[in-house]
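Colleague: Could you take a close look at one helix pair for me, and then follow the thread outward to whatever else helps me picture the fold? I would like the geometry along with the residues behind it.

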Amino acid sequence: MNLNLIKLQIVELLDKHKKITSVADELGLKQPTVTYHLKNLEQQLGEKLFESRMDKMILTESGKAFLHYAVKINALAAEAERVVKEFSQADRGTLKIGASYVPATYILPKILGQFGEQHPGVTLSLSVKPSPVIKEMLASHEIDLGILSTESFYLPSLHSQALCEDELVLVFAPSHPFAEMAELSPAAILSANFILHNKESSTRQLTDKWFERGGVQPRAGILLDSLEAIKQSLSSGKHVSFISRLAVQEEVDRGELLMCPIPDYHFHRHIFYSYNRDRHYSPLVGLFIELLRSIKL
């Protein structure tokens, strides 16, 4: 079967744009050429991959199954081309990084700036997503390197190495009643009004685990998906939250927020760097990891 890359690209782009004319424009081909490749592929597979609905091309169930592999093959092909070029263009190219919110906000800005100064010809792109999404992006070759805050994990396709601990602490305003207490019991915390992170975040998952050990559900007054918004909301003195120490250290140093250890907390979370084992360890990835490991976090 003649399964060339142009056919796979057409399938991926047609699912994205839903129109053959848009696919032709993006690939620099004529519309009849795109139609020919699509029909030829469907004949080879013996399955209809798309059907026309309301002037849009929609994937069939067979098409959805085929798209799953087309996306992976396209990503691998693009990755292979980039990696090979890196060897002849050692200080040029593109490095795609994915990071969860804590390292993306409180660790990477300085590192990205320093890497950019050392390698001005390299284009850096950063995708900020929850840790589970970063793992999926690594597995599907959408990014070259992941920097994520999470509990220890093992996935056969990923190599991961811890950079530093990412401790969760209980955070509240100086005006909160907890500020007057010399010692906080688990019972007092269990009854407090919480600002919770979104359910996809590793912080929320660990918060839920701690409450499960106490046999209750957190009293969530507010649900937010932004660390900065959570910190600002805590200033009212009415709520508390579990937050990464890295994310609140500056506010604590300025006296704007207070933090204390979480009693009976037995979970461990770290900042990891991770890459796909099937991806060639390219010079750019190696240079960035070397810089990551040289900086005291």
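Modeller: Happy to. The axis of a helix is here a line fitted to the C-alpha atoms over the stretch in contact, and the angle between two axes is taken between their N-to-C directions, from 0 to 180 degrees. Please keep in mind that this is a predicted model.

With that in hand, helix 2 and helix 3 (residues 31-45) pack with their axes 8 Å apart, at an angle of about 105°. Angles of 65 to 115 degrees count as roughly perpendicular, and helix 2 and helix 3 are therefore roughly perpendicular to each other. Helix 2 brings Ile20, Thr21, Val23 and Ala24 to the contact, while Gln31, Val34 and Thr35 come from helix 3. Sorted by class, this contact of helix 2 with helix 3 holds four nonpolar and three polar residues, and no charged ones.

Now step back along the chain from helix 2. Lys18 sits in the loop between helix 1 (5-17) and helix 2 (20-27). Its phi is near 70°, a positive value in a residue other than glycine. Lys18 counts as partly exposed because its relative accessibility is 26%. A second non-glycine residue with a positive phi is Asp264, at about 55°. Asp264 belongs to the loop between strand 11 (258-260) and strand 12 (269-276), and with a relative accessible area of 48% it is partly exposed.

Back in helix 3, look at the charged side chains. Glu42 forms a salt bridge with Lys48, at 3.9 Å from N to O. Buried means under 20% relative accessible area, so Glu42, at 10%, is buried, whereas Lys48, at 48%, is partly exposed. This pair belongs to a wider set: the whole structure has 12 salt bridges.

Another of these joins Glu167 to Arg245, with N and O 2.9 Å apart. Glu167 lies in the loop between strand 6 (158-165) and strand 7 (168-172) and Arg245 in helix 11 (residues 245-253), so this bridge ties together parts 78 residues apart in sequence. Both ends are partly exposed: Glu167 has a relative accessibility of 29%, and Arg245 has 30%.

A more local case is Arg204 with Asp208, a salt bridge of 3.0 Å. Both residues lie in helix 9 (residues 202-214), four residues apart, which is about one turn of the helix. An α-helix has 3.6 residues a turn, so residues three or four places apart point the same way. Arg204 is buried, at 9% relative accessible area, while Asp208 is partly exposed, at 23%. Elsewhere, salt bridges with shared partners link Glu228, Lys231 and Glu251 into one network.

Helix 9 also leads us to helix 7. The buried residues of helix 7 (residues 131-139) are Ser131, Ile134, Lys135, Met137 and Leu138. Viewed down the helix axis they fall within an arc of 160°, so they line one face of helix 7. Those buried residues pack against helix 9 and against several strands, among them strand 3 (93-99), strand 4 (122-128) and strand 5 (145-151). Strand 6 and strand 12 are partners of that face too. Just after helix 7 comes His141, with a positive phi of about 65°.

How values were computed:
Residues are numbered from 1 along each chain as its sequence is written. This is a predicted model: local features need pLDDT of at least 70, side-chain atom pairs count only at pLDDT 80 or more; totals for chains, interfaces and linings use all residues. Side-chain values use heavy atoms; hydrogens and water are left out. Helices (H or I, at least four residues) and strands (E, at least two) are DSSP runs, numbered from the N terminus. Buried means under 20% relative accessible area, exposed over 50%, partly exposed in between (1.4 Å probe, protein chains only). A salt bridge is a side-chain nitrogen of Lys or Arg within 4 Å of a carboxyl oxygen of Asp or Glu. The arc is that of the directions from the helix axis to the C-beta atoms. Contact means heavy atoms within 4.5 Å. Angles under 35 degrees count as roughly parallel, over 145 as roughly antiparallel, 65 to 115 as roughly perpendicular and the rest as oblique. Ala, Val, Leu, Ile, Met, Phe, Trp, Tyr, Cys and Pro count as nonpolar, Asp, Glu, Lys and Arg as charged, and the others, Gly among them, as polar.
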